[in-house]
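Reader: I'd like a close look at one part of this protein, please. Pick a helix and its surroundings, and walk me through what sits against what.

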Amino acid sequence: MSEEYKDYQKDTRRACKYGVSCYQKNPEHQKQFKHPPPSKTKTDKKGTKHRYEPYRKTKNIKDEATTQNDDESTISDNLVTGTLDEARKLEGIAETTLDLKDNVNSEEKPKTSIERAVEDSKGGLISATEEITDSNKYLIKSDSVSYYDKDADKSVIKNCFLVDMPEDFYSFYEFLSEIESVEKLLSGVNLQLIGPYELFLGKLPILDDKDLYLVHWRFFYDVPEFQAVLKKKGKSEFHIGYFRDDPKEKPSFLARNDSSVDCTITPISENIFGAVYWFLQNEKKTSPFIAVACQKLIDKLKKWAEEKKYSLEEYNIKKRMQKTVCRTFHNAGIVVPYNKKSQLGYRKLVESDNNIKKMFKSLKEAKTQEQKDKILSELQPVITFASIAMDECDFGTGLEAGVALFCSGLKELENSALTNLEVAYTLLNREEFRKIIQVHMKHRRKGPDMSILCGSN
């Protein structure tokens, strides 16, 4: 036995589960975990040494993903346990806060992400109509509930939606109230107040199941960071909301999305006055019948914003990109703690966005179970290495992977999306977002009327 190996055995630090195959260079990881001494390094004909590189492109990577599925399943199972252990250790979170603990601690071997995805895909793809029908089962009849008083304390909003609303949110409603009937005024310019604003309208229902507030006016592609407060009237799925990177912080900007088109979240302005100003300017051009009403409201809004010192300028996307570690599939980017010196906090996904999108497209168009299983196998390395990244304290990678899977909109990938996002939000200490995504995935719906009340409009 070599001296190096004797020293390794005496080392009291926790052993890294990847052993000699570990590719992590972060100093913090090296301090926390011990690694066995390296074996003899293989060299090629040119004398070049090679180390384990999971991100290295090889010609046979797809074949390996298929033929070594059993090995990957074992790795993935171990990763779930290890990642949750890290969450409890790093954040001091009680075991009971993690819904995944039942799978991890049960005697039955937990299923990997791909195994769950394959099970979900049995019987063929589910149509949009079937999805909407299933999700409508939890909707509540509007004649069976009572409503909060419109003068109720603002704390009701935080209790229901788990986030505080900024000052401009309240100032905007004050502005509308001083003109005329709020709903009549906005209806004249094709706008409707939704979500948290319903408290001031006396339309926010009092529910026994508090979880349902988290999907009240939450559209199909709305990630937990995005809280809708306005929508275009009628059957349109266009909506405007606050986007915040951390549930405990103020929103970063107001953004827009049309869930009938795609998952793109586009920043508009830093406050709601700028967002509504942008909407009115565009609506005036595209809807000539309400152009006069739009211009009248624009004039009044500009005067109020000037008095209250709210900027109407469009959001500077370059400023946003300086803070983000990646754009993500919804294009609004994600912000996570990141140490540039040690490169701790984020690493790129194993596949490019374009390749992942191609796989999503192929999965959506797949006709047979065999075709779907093949594509799911090709996607598995993305999920596996994102889990490895989170285990190595690169939490942003797990968040990016979860957002990508969520934005695919595919039923087969919902469990994988939920697992990645749950763990990432827990490790990032964003528990409110974890709760929101859990409820949203349980009651995810498509359509323009995302109220939890039947016949709300």
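Author: A helix here is a DSSP run of H or I that is at least four residues long, and helices are numbered from the N terminus. Keep in mind that this is a predicted model. On that count the protein chain has 19 helices and nine strands, and 51% of its 457 residues come out as buried. Let's look at α18.

α18 has 14 residues, which at 1.5 Å a residue should span 20 Å, and its end C-alpha atoms are indeed 20 Å apart. Buried means under 20% relative accessible area. By that cut-off 13 of the 14 residues of α18 are buried, so the rest of the structure largely encloses this helix. Right after α18 comes asparagine 429, with a positive phi near 60 degrees.

Now for the partner, α17. The axes of α17 and α18 come within 8 Å and cross at roughly 150 degrees, and the crossing is left-handed. On the α17 side, the contact is made by Phe395, Gly398, Leu399, Ala401, Gly402, Val403, Leu405 and Phe406. They meet Ser416, Ala417, Asn420, Leu421, Ala424, Tyr425 and Leu427 of α18.

Leucine 399 is a good residue to click on. Skipping its neighbours within four places in sequence, leucine 399 is in contact with Leu421, Ala424, Tyr425, Leu428 and Arg430, and also with Glu225, Ile334 and Val336. Leu399 is also among the residues with the most contacts inside the largest nonpolar core, which has 111 residues. Phe169, Phe172, Leu193, Tyr197, Ile272 and Phe273 are on that list too. Helix α16 (residues 369-391) gives this core its largest share, nine residues. Another core, of five residues, lies apart from it; Ile194, Trp217, Ala228 and Met450 are among its members.

Next, follow the chain to α19, residues 431-442. This helix has 12 residues and reaches 17 Å from its first C-alpha to its last, close to the 16 Å expected. Nine of those 12 residues are buried, so α19 too is largely enclosed by the rest of the structure. The buried ones are Glu432, Phe433, Arg434, Ile436, Ile437, Gln438, Val439, His440 and Met441. Their cover includes both helices we just paired, α17 (395-408) and α18 (414-427), along with α8 (155-161).

If you're hunting for cysteines, a search of the whole structure turns up zero disulfides. Cysteine 263 has the sulfur of cysteine 407 as its nearest cysteine sulfur, 3.9 Å away, and is in no disulfide. The cut-off is 2.5 Å between the sulfur atoms, so that pair doesn't count. Cysteine 263 is buried, at 11% relative accessible area, and cysteine 326 is buried as well, at 10%.

For contrast, try lysine 302 in helix α13 (residues 291-308). Lysine 302 has 40% relative accessibility, so this residue counts as partly exposed. Beyond residues up to four places away in sequence, lysine 302 touches Tyr277 and Leu312. Its C-alpha is 9.2 Å from that of glycine 274, although the two are 28 residues apart in sequence.

Finally, the whole chain: of the contacts between residues at least 6 apart in sequence, 66% join residues at least 24 apart.

Key
Residues numbered from 1 in each chain as written. Predicted model: local features only at pLDDT ≥ 70, side-chain atom pairs only at ≥ 80, totals over all residues. Heavy atoms only, no water. Helix = DSSP H or I, 4+ residues; strand = E, 2+ residues; numbered from the N terminus. Expected span 1.5 Å × (residues − 1). Buried < 20%, exposed > 50% of the residue type's maximum accessible area, 1.4 Å probe, protein only. Contact = heavy atoms within 4.5 Å. Core = buried A, V, L, I, M, F, W, Y, C linked by side-chain atoms within 4.5 Å. Axes fitted to C-alpha atoms, helices over the stretch in contact; angles between N-to-C directions. Left-handed = near helix turned anticlockwise from the far one by under 90°.
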